[in-house]
Amino acid sequence: METYDKQKAARVWQRVQNAAPEDPARGLINMIAEEWADAVMYLALSQRVQGGVSSALKKMGQEEQAHMACLKGMYTMLGTGRPEIPAPKSPERVPVGVLLRRCYGREMRSLAQYEARASDPEYGQIFARMAQQEREHCRRILEILGNLKSDSLG
């Protein structure tokens with residue numbers, strides 16, 4: 001009788017389930033890049049609006065920078081050094097409402113990623129906290145969109 005190879009069986013099941021294991025470093029690099037792009041977007045948007053909306057967007061940008069720093073810290077804990085990530089492009093010069101709708105989609109994706117990692121034994125609480133902030137960003141974006149003048153909606 002043939003011996004059972006557990007590793008081979010695991011590889012076969014991964015192919016069958018189409019669930020290749022995620023490289024933790026690659027996943028963190030992608031999240032860092034997304035947070036950096038979000039921070040740049042919010043800071044740029046904060047310069048295009050006034051008053052409380054500007055302050056709110058600036059604060060959201062700062063929170064995204066803090067998320068990025070936490071994710072970089074996790075990456076460093078892997079023992080792989082500092083991540084090499086190209087700087088994000090400047091936001092397009094389109095109406096604020098258009099950019100905010102894009103931000104909402106990005107926030108929802110980040111929220112889902114962080115919620116999925118909230119049970120991580122090492123960083124679960126950090127991911128849960130960042131998910132909470134992303135949820136608040138979604139709420140704030142909707143509030144801002146609801147108060148924008150129609151010429152800013154695009």
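Ala, Val, Leu, Ile, Met, Phe, Trp, Tyr, Cys and Pro count here as nonpolar, Asp, Glu, Lys and Arg as charged, and the others, Gly among them, as polar. The model on screen is predicted, so local features need pLDDT of at least 70 and side-chain atom pairs count only at pLDDT 80 or more, while totals for chains, interfaces and linings use all residues. Residues are numbered from 1 along each chain as its sequence is written, and side-chain values use heavy atoms, with hydrogens and water left out.

**The whole chain**

Begin with the protein chain in a cartoon view, where there are six helices and zero strands; both are DSSP runs numbered from the N terminus, helices being H or I over at least four residues and strands E over at least two. Of the 154 residues in the chain, 35% are buried, where buried means under 20% relative accessible area, exposed over 50%, and partly exposed in between, with a 1.4 Å probe and protein chains only. Among contacts (heavy atoms within 4.5 Å) between residues at least 6 apart in sequence, 76% join residues at least 24 apart.

**The largest pocket**

Next, select Pro24, Leu28, Arg117, Asp120 and Phe127, and look at the space around them. The largest pocket holds about 210 Å³ of space, and these five are the closest to its centre of the 13 residues that line it. A pocket is an open set of points, on a 1 Å grid over the protein atoms alone, with protein on both sides within 12 Å along at least five of seven lines, and lining residues have an atom within 4 Å of a point; the points are joined across faces, edges and corners, and the volume is the space filled by probe spheres set on them. By class, the lining has eight nonpolar, no polar and five charged residues. Colour helix 2 (residues 24–46) as well, since this helix gives the most to the lining, with three residues.

**Two buried histidines**

Now move to histidine 67 in helix 3, which counts as buried because its relative accessible area is 1%. Its side chain is joined to that of glutamate 35 by a polar contact of 3.4 Å, a polar contact being a pair of N or O atoms within 3.5 Å, of which, within protein, one must be able to donate a hydrogen and the other to accept it, and residues adjacent in sequence count only if both atoms are side-chain atoms. Leaving aside residues up to four places away in sequence, histidine 67 touches Glu35, Tyr114, Met130, Gln133, Glu134 and His137.

From there, select histidine 137, which is found in helix 5 (residues 124–147) and is likewise buried, with a relative accessible area of 1%. Its side chain makes a polar contact of 3.1 Å with the side chain of glutamate 134.

**Toward the exposed side chains**

Stay in helix 5 for glutamate 136, which is partly exposed because its relative accessible area is 38%. A polar contact of 2.7 Å links its side chain with that of arginine 139.

Then return to helix 3 (residues 51–77) and select lysine 59, which is exposed, with a relative accessible area of 52%.

**The cysteines**

Finish with cysteine 70, which is partly exposed at 36% relative accessible area, and cysteine 103, which is buried at 3%. A search of the whole structure finds zero disulfides, a disulfide being a pair of cysteine sulfur atoms within 2.5 Å.

Notes. 1 Å grid on protein atoms, 1.4 Å probe; cavity = no way out; pocket = protein on both sides within 12 Å on 5 of 7 lines; lining within 4 Å.
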